Each structure stands twice: as C-alpha cells, then as structure tokens.
Amino acid sequence: MRRAGRMTTSQQKALAELWPLYGVEYAGTMFDFTSLFGRDAPVVLEIGFGNGDSLVQLAAEDPAANFLGIEVHDPGIGHCMIAARAASVENLRLINHDAMEVLENSIPPASLERINLYFPDPWPKKRHHKRRIVQAPFLELCASRLKSGASLHIATDWANYAEHIEEVLKESDLFDCAERCEHDGEQPLARPATKFERRGLKKGHRIVDWRFKKIDL
C-alpha cells in the first residue's frame, strides 16, 4: 500500500513539480505504452524501485528502451524524480500504486521486454512468508505480461528468501532459470548496485541474482 514516510523538502517539491513529467496516474485501465512514452520501444518494468537510483541509471544507459517503475514509498519516488531530472532522463515513467493491481489491470498482455524485482521485502518472520511477493499468482501475472522469450530478473540478499524464490520457481512451469549468480556485490547480473544491496552487504549477507526466461507454452 502507499506509504508517505518522512520526506525532505526537496522530495516534496519534486512530487509537486516533477510528477506531471514522470508520473502516471493509476486508473485501473490498460496503458497504451506508445502514448505513455511518446514512442514505440521495448518496455522494462521495475517493481519496487526504492530510491530509484539504479532505475535511473538503467534508463540513462539504455535510451533505446522505455522504463516503467512502480513504488509506493513517496520519499523514494521524490528521490527518483530528482535523480531522473539531474540525469536528463526522458524514457522513464513512475507509478505510485500496488504492483499486483498495476500488473493485472494496467499492463497489457505480452507487452513487456523485461521485469525487474530487486531486493523485495523479505518478510523474514515465518508467519509473514505469505506476504512475500514471489508466489505462484505473481509469476502467472508476470508471465502473462511478458513477451515471448522475455525475462524476469530477481535479486535478494536474504538466504531464506533465496531458498523460497527457488522453490516457487522450481514448481512453476512458466519460467526457466537462464542465469544464476551468487556473489558479494561484485557481480550484479545485468543491473547496477542498489541501496538495499549495499545495506545487506554491510550486514554480511550474500547476494543472489537470477534471470528467469519465460517459457513459451
């Protein structure tokens, strides 16, 4: 759900001034990506982009693609828009809404080139595991929204969550594991380092990255 949090003055100003440039209002209807971005290009979706630094870097480094980010934390959205403006990024749009609802109601079927899910909330307590986003219904939605041969990228620094992710994906007939990398921050898989990754490394956590390829049934 949407979380306001403590915001700096610059973040509050960014939400007021830059949202018309980068923001997309959720209306429960399917997006027309060509109209949304003003051009026809591959679309990469990032779910839960945090403060957005890595998302902005990806967009800046790949101007031929369109990047769509989902986040419910207002300070992170404000920070992301400030970074996007500083980098003169134009191929980026942001949504402040629940990711599952956006996937189900606003992302057209077979429209995405890639979905990124980097360091999602691990919900470490066993009684909270059902709240983890990586579950069968999430995978079904992702597969339905990805194009043929497209990929789902996931990263986590929690060993227990890594085990959970691999169990859920192993039981799914929708994705194959194309790449897996376990490291100490030196080998992120086709992505920049993130704030949550650095935080996990300081705690002594190892990082696990995957690229899951959609299986064409």
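**Exercise 1. Determine the secondary structure content of the protein chain and state whether its radius of gyration agrees with the globule rule.**

Solution. The protein chain contains eight helices and eight strands, where helices (H or I, at least four residues) and strands (E, at least two) are DSSP runs numbered from the N terminus. The radius of gyration, taken over C-alpha atoms, is compared with the globule rule of 2.2 Å times the number of residues to the power 0.38. For 217 residues the rule gives 17 Å, and the chain has 17 Å, so it is as compact as a globular protein of that length. The C-alpha trace spans about 45 × 40 × 30 Å along its principal axes.

The model is predicted: local features need pLDDT of at least 70, side-chain atom pairs count only at pLDDT 80 or more, and totals for chains, interfaces and linings use all residues. Residues are numbered from 1 along each chain as its sequence is written, and side-chain values use heavy atoms, with hydrogens and water left out.

**Exercise 2. Test the length of helix H4 (residues 74–86) and identify what covers its buried residues.**

Solution. The expected span is 1.5 Å times one less than the number of residues. For the 13 residues of H4 this gives 18 Å, and the end C-alpha atoms lie 19 Å apart, which agrees. Next, apply the burial criterion: buried means under 20% relative accessible area, exposed over 50%, and partly exposed in between (1.4 Å probe, protein chains only). The buried residues of H4 include Ile77, Cys80 and Met81. Their cover includes helix H1 (9–22), H3 and strand E4 (92–95). After H4 comes serine 88, with a positive phi near 55°.

**Exercise 3. Classify serine 54 and isoleucine 107 as buried or exposed, and list their contacts.**

Solution. Serine 54 belongs to helix H3 (residues 53–61). Its relative accessibility is 6%, so serine 54 is buried. Contact means heavy atoms within 4.5 Å. Not counting residues up to four places away in sequence, serine 54 touches Glu46, Pro192, Ala193 and Thr194.

Isoleucine 107 lies in the loop between helix H5 (99–105) and strand E5 (112–118). With a relative accessible area of 0%, isoleucine 107 is buried. Leaving aside neighbours within four places in sequence, its contacts include Met30, Phe31, Phe33 and Arg145. Proline 192, a contact of serine 54, has its C-alpha atom 25 Å from that of isoleucine 107.
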